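Me: Please take a close look at a single part of this structure and walk me through it with care. I would like to know what pairs with what there, and what surrounds one residue of that part.

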Amino acid sequence: MSNPRLRIDLDKITHNARKTVEISRMHGLGVMGVTKGAAGMPEVAKAMLAGGIEGLADSRLDNIARLRAAGIRSPITLIRSPGPSDVCRAIELADASLNSDTQIVEALSIEARVQGKIHGVILMVDLHTGREGLPPGAVPDALRRLRSLPGIQLQGLGAYFHLATGSDLHLQSLEVFAALAKQVEAELGKPFTILSGGASNIFRTLVVEGRPNPGINHLRIGTAILLGFSSSLNPVAIPGYERDTFVLQAEVIEVKAGNPAEAILALGKIDSDPQFLFPVNHGVNVRDAASDHLMVRTELPVRVGDWVSFRLGYPALCRLMASPYVQIEYVKRSR
């Protein structure tokens, strides 16, 4: 079979997790390790935990169920707000969740009492990013409404930034976010445990670029740990991180002579996102893709039956891990 092969190096993931925890701690930041890019694969989650990650996060309840079935009992946060049909499983499987709808939190409260649990809630704030969250002006009233709900522990506030946003916007928006948190903490008379300012792109702004922390204390990180860089757009490797954590190999099924030559690989848009495939070897460039084929230009000699290797961006990894057509292999080392 010419199915694409995805080689996973768990030791390198552990290395990246350890670096992330160490560096983040120096900047006053706690970290959740986000497993959704690896489709909640237990082996990857365990590699994160081995690197010092204390809490995991995923956007899919099915992925969290997979982690629980593998015996993982570490705290796990559901990072996509649950819908009404998710409430029962969210309480059953997740220790906490990100939320932006007060009615859902009220439903979580009822279900938490039924199951005899305490469920953590991080209320999301929309900092004009067009994503999930309440507008800042609505947050104080929402928290006053939710703070006394039985079965619910208000852990703090969260925000999200699109991967294409830049550092200046991050800092300006997070200053608003931190000021809002201080205002609400004063009203409630209790500090928040978590001010979760975003994901790997905020890690880039605060840690890699060394910009001043406006007052957050937490990040939800997947890309930096899983892939060793801080954004999938124009990826820049983080010094000291491993990049070859996930390496995709696709088989050549046709070669067209030319200068440069072109090769067609047994890989397509059904399997991955070609925009986020980065050839390992210089002289190879992705030209185009269809549902079942990837076309590359190559200055290197290539024959039918050869395998071409790619490093990955986050969208490519997510799609590969969800594809039933991809063969997973693990890098083995002699101990």
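**Strand β10 and its partners**

Reply: Strand β10 and strand β15, which cover residues 246-256 and residues 307-312 in this predicted model, pair in the antiparallel sense over four bridges, and within this pairing A250 of β10 stands opposite V308 of β15.

The pairing with β15 is one of several that involve β10. Strand β1, made up of residues 5-8, also pairs with β10 in the antiparallel sense, again through four bridges, and here L6 is the residue that stands opposite L248 in β10. Strand β11, which spans residues 261-265, is likewise antiparallel to β10 and is joined to it by four bridges; in this case E254 has I264 of β11 as its bridge partner. The link in sequence between β10 and β11 is a hairpin, which passes through four residues.

Returning to β15, it is worth looking at one of its residues, S309. With a relative accessible area of 16%, S309 falls under the 20% cut-off and therefore counts as buried. Once its neighbours within four places in sequence are left aside, S309 is in contact with V247, L248 and Q249, and also with F278, P279 and V280. Of these contacts, L248 has already appeared above as the residue of β10 that L6 stands opposite, so that the surroundings of S309 include a residue that takes part in the pairing of β10 with β1.

How values were computed. Residues are numbered from 1 along each chain as its sequence is written. This is a predicted model: local features need pLDDT of at least 70, side-chain atom pairs count only at pLDDT 80 or more; totals for chains, interfaces and linings use all residues. Side-chain values use heavy atoms; hydrogens and water are left out. Two strands pair if DSSP finds at least two bridges between them. Helices (H or I, at least four residues) and strands (E, at least two) are DSSP runs, numbered from the N terminus. Buried means under 20% relative accessible area, exposed over 50%, partly exposed in between (1.4 Å probe, protein chains only). Contact means heavy atoms within 4.5 Å.
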